[in-house]
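Okay, everyone, grab a seat. I'll put the structure up now, and we'll walk through it together.

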Amino acid sequence: MRKSMFTTRGIVIIALLVAMSVLLKSFFSIEFQVYRISFYEIPLMILGFIAGPIAGFVGGLITDVMHIIFSPLAFTFNFFTMATISWGFIPGLFLFKKNVSKTTIIMVVVFTSLIAFTFNSLGIYSYYGMGAVVGGLPWRLITLVVKIPIDIIIVGGLIKRFNTLDEFNFEEVYSK
């Protein structure tokens, strides 16, 4: 029988990952009106890996709500929110409780990056029009191409590390 993931230990781990994501998105990023460089997605992908797609979805939603509260450039719920949610939800769908290979991590990071890029492009289009999408596209594409390998290396290393830690045996936390 599966134990609830909402044990004290599980909630603390989820809260720490969400807090790291909020800090990275709201305070430790370079942000312009239609362009941001940040690594907030890494804790959300790890959250999806260790807690599943529902926790990843909720973690992404909380991250975006807190970003809206803290950042003067943030908008209310829209395509940008869906992009943030996708960083926790999609890795949770493909990585949670599965044997994870390097190929799987690469495919999940690339796929999630493209989905989030699409949502962000739709959000920019809905607020600023096609000129902003086309004008910022070269910078956004360069950032995407540079960040994907960095995300793959960091997420892959963290997943490998989480799988080898006995004290972080998430199977004990989430199941009997």
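So let's start at threonine 143, which touches Tyr35 and Ile37, if we skip residues up to four places away in sequence. Keep in mind that this is a predicted model. Where does threonine 143 lie? It's in helix α6, which covers residues 130-164. Its relative accessibility is 12%, and anything under 20% is called buried, so threonine 143 counts as buried. And its side chain does something nice: it reaches the backbone oxygen of tryptophan 139, at 2.8 Å.

Okay, let's step back to the whole chain. It has seven helices and two strands. If you read along the sequence, the pattern goes α-β-β-α-α-α-α-α-α. There are 176 residues, and 44% of them count as buried. Now take the contacts in the chain with a separation of 6 or more: 73% of those come from residues 24 or more positions apart.

Next stop, helix α2. How many of its residues are buried? The count is 11 of the 11, so α2 is largely enclosed by the rest of the structure. The buried ones include Leu44, Met45, Leu47 and Gly48, and Glu41 is on that list too. Just after α2 you hit glycine 52, which takes a positive phi of about 100°.

Then comes α3, residues 53-70. Let's do a quick sanity check on this one. With 18 residues at 1.5 Å a residue, α3 should span 26 Å, and the C-alpha atoms at its ends are 25 Å apart, which agrees. Which residues of α3 are buried? They're Pro53, Ala55, Gly56, Gly59, Gly60, Thr63, Asp64 and His67. Those residues cover an arc of only 165° around the axis, which puts them on the same side of α3. Here's the general idea behind that spacing: an α-helix has 3.6 residues a turn, so residues three or four places apart point the same way. Over on the other side of α3, Ile54 and Ile69 are exposed. And what covers the buried residues? The cover includes α1 (8-26), β1 (30-31), β2 (36-37), α2 (41-51) and α4 (79-95).

Let's zoom in on one of those buried residues, glycine 56, which sits in α3. Its relative accessibility is 0%, so glycine 56 counts as buried. Leaving out neighbours within four places in sequence, glycine 56 is in contact with Leu47, Gly48, Ile85, Gly88 and Phe89. Also, glycine 56 and methionine 45 are 11 residues apart in sequence, and their C-alpha atoms are 7.5 Å apart in space.

We can look at α3 from the α1 side too. Valine 18 is found in helix α1, and it's buried, with a relative accessible area of 7%. Again setting aside neighbours within four places, valine 18 is in contact with Leu47, Gly59, Ile62 and Thr63. Valine 18 and isoleucine 62 are 44 residues apart along the chain, yet their C-alpha atoms are separated by 7.4 Å.

Now for the rings. How many aromatic pairs does the structure hold? Four. One of them is phenylalanine 79 with phenylalanine 119, and that pair is stacked: 6.5 Å centre to centre, with 25° between the planes. Phenylalanine 79 is in helix α4 and phenylalanine 119 is in helix α5 (residues 102-128), so the pair ties together parts that are 40 residues apart in sequence. Both count as partly exposed: phenylalanine 79 has 34% relative accessibility, and phenylalanine 119 has 22%.

There's another pair I want to show you, phenylalanine 94 and phenylalanine 111. Their ring centres are 6.3 Å apart and their planes are at 85°, so this pair is edge-to-face. Phenylalanine 94 lies in α4 and phenylalanine 111 in α5, so the pair ties together parts 17 residues apart in sequence. These rings count as partly exposed as well, with phenylalanine 94 at 42% relative accessibility and phenylalanine 111 at 41%.

Last thing: charges over rings. The charged end of arginine 140 sits over the ring of phenylalanine 117, 4.3 Å from the ring's centre. And the charged end of lysine 147 sits over the ring of phenylalanine 39, this time 5.2 Å from the centre.

That's my tour. Thanks, everyone!

Technical notes. Residues numbered from 1 in each chain as written. Predicted model: local features only at pLDDT ≥ 70, side-chain atom pairs only at ≥ 80, totals over all residues. Heavy atoms only, no water. Helix = DSSP H or I, 4+ residues; strand = E, 2+ residues; numbered from the N terminus. Expected span 1.5 Å × (residues − 1). Buried < 20%, exposed > 50% of the residue type's maximum accessible area, 1.4 Å probe, protein only. Arc of directions from axis to C-beta. Contact = heavy atoms within 4.5 Å. Polar contact = N/O pair within 3.5 Å; in protein donor to acceptor, adjacent residues only side chain to side chain. Phe/Tyr/Trp six-rings, centres within 6.5 Å; stacked < 30°, edge-to-face > 60°. Lys NZ or Arg CZ within 6 Å of the ring centre and 35° of its normal.
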